[in-house]
Amino acid sequence: MTTMAEPLNVLGEKLQSCSDDPVTGYFRDGCCNTGEGDAGSHTVCVEISAAFLQCSLALGNDLVTARPALGFPGLQPGDRWCVCAARWLEAQERQAAPRVYLRSTHKRALEVIPLALLRQYAADLH
């Protein structure tokens with residue numbers, strides 16, 4: 001019997017939950033887990049900001065409008081959500097990156113974003 005390894009965060013620790021209200025994650029399991037079908041790499045746990053919502057909309061991704069048929073509640077500032085690593089990096093380049101919860105950000109995000117940059121936006125390191 002084969003067991004799957006626990007997913008790790010960018011700090012090399014067990015991946016923590018990002019949000020259960022609203023329920024986030026590519027698999028809608030509350031965590032920024034990822035897998036083969038997750039081409040967007042929804043691996044970065046953030047605290048949604050108004051600037052990020054505006055930036056995302058300008059880049060063609062409306063995160064504000066609810067889409068009940070897809071199980072998407074629509075987001076507002078203060079919500080925690082798993083976002084695509086490349087989208088977070090685009091927002092950072094436009095000075096609109098939201099704060100990041102490193103303990104809830106999947107290690108796969110490091111394929112796109114350097115850890116040093118993520119640490120600059122860390123909401124959960126003291």
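Trainee: Why is F27 called partly exposed?

Mentor: This is a predicted model, and in it F27 has a relative accessible area of 46%. Buried means under 20% and exposed means over 50%, so a value of 46% falls in between and F27 is partly exposed.

Trainee: What makes Y26 and F27 an aromatic pair, and what makes the pair edge-to-face?

Mentor: The ring centres of Y26 and F27 are 5.0 Å apart, and rings pair if their centres lie within 6.5 Å. The angle between the planes is 85°, and planes over 60 degrees apart count as edge-to-face, so that is the name the pair receives. Y26 has a relative accessible area of 33% and is therefore partly exposed.

Trainee: How do you know that F72 and W81 form an edge-to-face pair?

Mentor: The same two tests apply: the centres of F72 and W81 lie 5.5 Å apart with 75° between the planes, and the cut-offs are within 6.5 Å for pairing and over 60 degrees for edge-to-face. F72 and W81 are both buried, and a search of the whole structure finds 3 aromatic pairs.

Trainee: How do you know that C18 and C45 form a disulfide?

Mentor: In general, a disulfide is a covalent bond between the sulfur atoms of two cysteines. The sulfur atoms of C18 and C45 are 2.1 Å apart, and the cut-off is within 2.5 Å, so the pair counts as a disulfide. C18 lies in the segment before strand 1 (42-47) and C45 in strand 1, 27 residues apart, so that the pair links distant parts of the chain. C18 and C45 are both buried.

Trainee: What makes the disulfide of C18 and C45 right-handed or left-handed?

Mentor: The torsion about the S-S bond of C18 and C45 is about 85°, and the disulfide is therefore right-handed. For C32 and C82, whose sulfur atoms are 2.1 Å apart, the torsion about the S-S bond is about -95°, so that disulfide is left-handed. The pair of C32, in the segment before strand 1, and C82, in strand 2, also links distant parts of the chain, 50 residues apart, and both cysteines are buried.

Trainee: How are the bonded cysteines paired in sequence order?

Mentor: When the bonded cysteines of the protein chain are numbered in sequence order, the pairing is 1-3, 2-4. The search of the whole structure finds 2 disulfides.

Trainee: Why is C31 not counted in a disulfide?

Mentor: The closest cysteine sulfur to that of C31 is in C82, at 7.4 Å, which is too far for a bond when the cut-off is within 2.5 Å. C55 is judged in the same way: the closest cysteine sulfur to its own, in C84, is 13 Å away, too far for a bond.

Trainee: Why are C31 and C55 called buried?

Mentor: Buried means under 20% relative accessible area; C31 has 16% relative accessibility and therefore counts as buried, and C55, with 8% relative accessibility, counts as buried too.

Trainee: What makes G12 and Q54 exposed?

Mentor: Exposed means over 50%, and G12, which lies in the segment before strand 1, counts as exposed because its relative accessibility is 52%. Q54, found in helix 1 (residues 50-58), has a relative accessible area of 61% and is therefore exposed.

Trainee: Why are strand 2 and strand 3 called edge strands?

Mentor: The open sheet of 3 strands has the order 2-1-3, with antiparallel pairing, and strand 2 and strand 3 (99-100) each pair on one side only. Strands pair if there are at least two bridges between them, and strand 1 and strand 2 have 5 bridges in the antiparallel sense. Within this pairing, V44 has V83 in strand 2 as its bridge partner.

Trainee: What lines the largest pocket, and which residues are closest to its centre?

Mentor: The largest pocket holds about 340 Å³ of space. It is lined by 17 residues, of which R28, H42, N61, L63 and W81 are the closest to its centre. Strand 2 (residues 80-84) gives the largest share of the lining, 4 residues, and the lining divides into 9 nonpolar, 4 polar and 4 charged residues.

Key
Residues are numbered from 1 along each chain as its sequence is written. This is a predicted model: local features need pLDDT of at least 70, side-chain atom pairs count only at pLDDT 80 or more; totals for chains, interfaces and linings use all residues. Side-chain values use heavy atoms; hydrogens and water are left out. On a 1 Å grid over the protein atoms alone, a cavity is a set of points where a 1.4 Å probe fits but cannot get out, and a pocket is an open set with protein on both sides within 12 Å along at least five of seven lines; lining residues have an atom within 4 Å of a point. Grid points are joined across faces, edges and corners, and a volume is the space filled by probe spheres set on the points. Helices (H or I, at least four residues) and strands (E, at least two) are DSSP runs, numbered from the N terminus. Ala, Val, Leu, Ile, Met, Phe, Trp, Tyr, Cys and Pro count as nonpolar, Asp, Glu, Lys and Arg as charged, and the others, Gly among them, as polar. Buried means under 20% relative accessible area, exposed over 50%, partly exposed in between (1.4 Å probe, protein chains only). Rings of Phe, Tyr and Trp (its six-membered ring) pair if their centres lie within 6.5 Å; planes under 30 degrees apart count as stacked, over 60 as edge-to-face and the rest as tilted.
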